[in-house]
Amino acid sequence: MSLADSRARQEGSPRGRPRSEAVERSIIEGAIKLLEDGVPLADISIERLARTAGVGKATIYRRWSGKEELFVDVMRATEPPDAELPGTSMRDDLIALLEPLRQRGLASRSSALLHNVYAQIKSSPKIWDAYQAIVIEPRRLTTFEVLRRGQRDGELRDDVDIEVMNDLFVGPMLVRAVMRPDAELPEDLAEQIVDTVLAGLRPARP
């Protein structure tokens with residue numbers, strides 16, 4: 001069973017006593033502090049993390065099955081919150097979905113801590129795969145649904161694959177935010193990308 005499967009099962013069947021958000025936050029902040037102090041991910045044990053957060057090991061295991069699952073939440077905690085779709089138009093929803101990527105790029109550039117967190121977690125294939133399944137894939141599926149709605153409503157061509165469309169919108173933002181760290185990330189970048197790509201994806205008018 002993968003880490004993502006384990007998380008899905010736990011979310012469907014919560015175990016143990018009710019969770020305390022304050023306790024979870026202190027544990028996640030403890031993990032971030034260790035990374036901030038330069039402790040390699042491989043050297044962060046549950047025992048050390050419990051000591052740093054001021055909780056018992058059992059408290060951590062009641063919430064996470066292990067270090068890998070916990071660090072998926074650590075990475076999620078360092079990111080902007082998921083977009084809340086305005087629902088006013090397909091264009092506005094696409095802009096809302098791209099904007100957190102721009103904000104994450106800005107945050108990563110301004111914070112050595114975030115840069116360190118991303119670098120260390122990417123070095124663990126198990127954590128990175130779980131992060132992709134638990135955090136990234138649901139966002140992709142949300143974008144797919146917005147694009148399908150656009151096709152159903154006649155706002156998008158129906159002869160272009162949904163995944164290709166998704167990559168056309170997300171790709172330019174990832175290039176700017178991740179692959180070109182010196183590139184500008186202006187406030188209206190998400191709008192520029194969405195409007196430019198939409199110009200080529202709208203159905204031809206008779």
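Trainee: Let's start with leucine 174. Is leucine 174 buried or exposed, or something in between?

Mentor: Keep in mind that this is a predicted model. The idea is to look at how much of a residue's area is accessible: under 20% is buried, over 50% is exposed, and partly exposed is in between. Leucine 174 has a relative accessible area of 32%, so it counts as partly exposed. You will find leucine 174 in helix 9, which covers residues 162-179.

Trainee: Which residues make a nonpolar surface patch with Leu174?

Mentor: Its partners in the patch are Val175, Val178 and Met179. Together with Leu174 they make a nonpolar surface patch of about 350 Å².

Trainee: Now I'd like the whole picture. How many helices and strands does the protein have?

Mentor: There are 10 helices and 0 strands. Reading along the sequence, you get the pattern α-α-α-α-α-α-α-α-α-α.

Trainee: And what share of the residues is buried?

Mentor: Of the protein's 206 residues, 43% count as buried. You can also look at the surface itself: the accessible surface comes to about 11400 Å², and 51% of that belongs to carbon and sulfur atoms.

Trainee: How do I read contacts along the chain? What percentage join residues at least 24 apart?

Mentor: Take the contacts between residues at least 6 apart in sequence; 67% of these join residues at least 24 apart.

Trainee: Let's return to helix 9. At what angle do the axes of helix 9 and helix 10 cross?

Mentor: For a pair of helices, look at the distance between axes, the angle and the handedness. The axes of helix 9 and helix 10 (residues 189-201) come within 10 Å and cross at roughly 150°. This crossing is right-handed. On the helix 9 side, the contact is made by Met165, Leu168, Phe169, Pro172, Met173 and Arg176. Helix 10 contributes Leu189, Ala190, Ile193, Val194, Val197, Leu198 and Leu201.

Trainee: What lies in the loop between helix 9 and helix 10?

Mentor: One residue to find there is glutamate 184. Glutamate 184 is exposed, with a relative accessible area of 62%. Leaving out residues up to four places away in sequence, glutamate 184 touches Arg176 and Leu189. Its C-alpha atom is 9.3 Å from that of leucine 106, although the two residues are 78 apart along the chain.

Trainee: Salt bridges puzzle me. How many are there?

Mentor: Here is the general idea: side chains of opposite charge can pair when their charged atoms come close. In this protein, the count comes to 13 salt bridges.

Trainee: Where does arginine 140 form a salt bridge?

Mentor: One partner is glutamate 137, with the closest N and O atoms 3.1 Å apart. Arginine 140 and glutamate 137 are both in helix 8 (residues 125-152), 3 residues apart, which is about one turn of the helix. Arginine 140 is partly exposed at 24% relative accessibility, and glutamate 137 is partly exposed at 31%. Arginine 140 also meets glutamate 163 in a salt bridge, at 3.7 Å from N to O. Glutamate 163 is in helix 9 and arginine 140 in helix 8, so this pair ties together parts 23 residues apart in sequence. Glutamate 163 is partly exposed too, at 42% relative accessibility.

Trainee: Which residues are joined into one network by salt bridges that share partners?

Mentor: Those are Arg91, Asp92, Glu191 and Asp195.

Trainee: Next is helix 5. How many of its residues are buried?

Mentor: Helix 5 (residues 67-77) is mostly covered, with 8 of its 11 residues buried. They are Lys67, Glu69, Leu70, Phe71, Val72, Asp73, Val74 and Met75.

Trainee: What does aspartate 73 pair with?

Mentor: Its side chain meets that of arginine 76 in a salt bridge of 3.4 Å, N to O. The two are 3 residues apart in helix 5, which means about one helical turn separates them. Aspartate 73 is buried at 13% relative accessibility, while arginine 76 is partly exposed at 31%.

Trainee: One last residue: what does threonine 59 touch?

Mentor: Setting aside residues up to four places away in sequence, threonine 59 touches Val23 and Ile27. Threonine 59 lies in helix 4 (residues 57-61). At 15% relative accessibility, threonine 59 counts as buried.

Technical notes. Residues numbered from 1 in each chain as written. Predicted model: local features only at pLDDT ≥ 70, side-chain atom pairs only at ≥ 80, totals over all residues. Heavy atoms only, no water. Buried < 20%, exposed > 50% of the residue type's maximum accessible area, 1.4 Å probe, protein only. Helix = DSSP H or I, 4+ residues; strand = E, 2+ residues; numbered from the N terminus. Patch = residues over 30% accessible without salt bridge, like charges linked within 9 Å, V, L, I, M, F, W, Y side chains within 5 Å. Areas by Shrake-Rupley, 256 points an atom, 1.4 Å probe, with all protein chains shown as cover. Salt bridge = Lys/Arg side-chain N within 4 Å of Asp/Glu carboxyl O. Axes fitted to C-alpha atoms, helices over the stretch in contact; angles between N-to-C directions. Left-handed = near helix turned anticlockwise from the far one by under 90°. Contact = heavy atoms within 4.5 Å.
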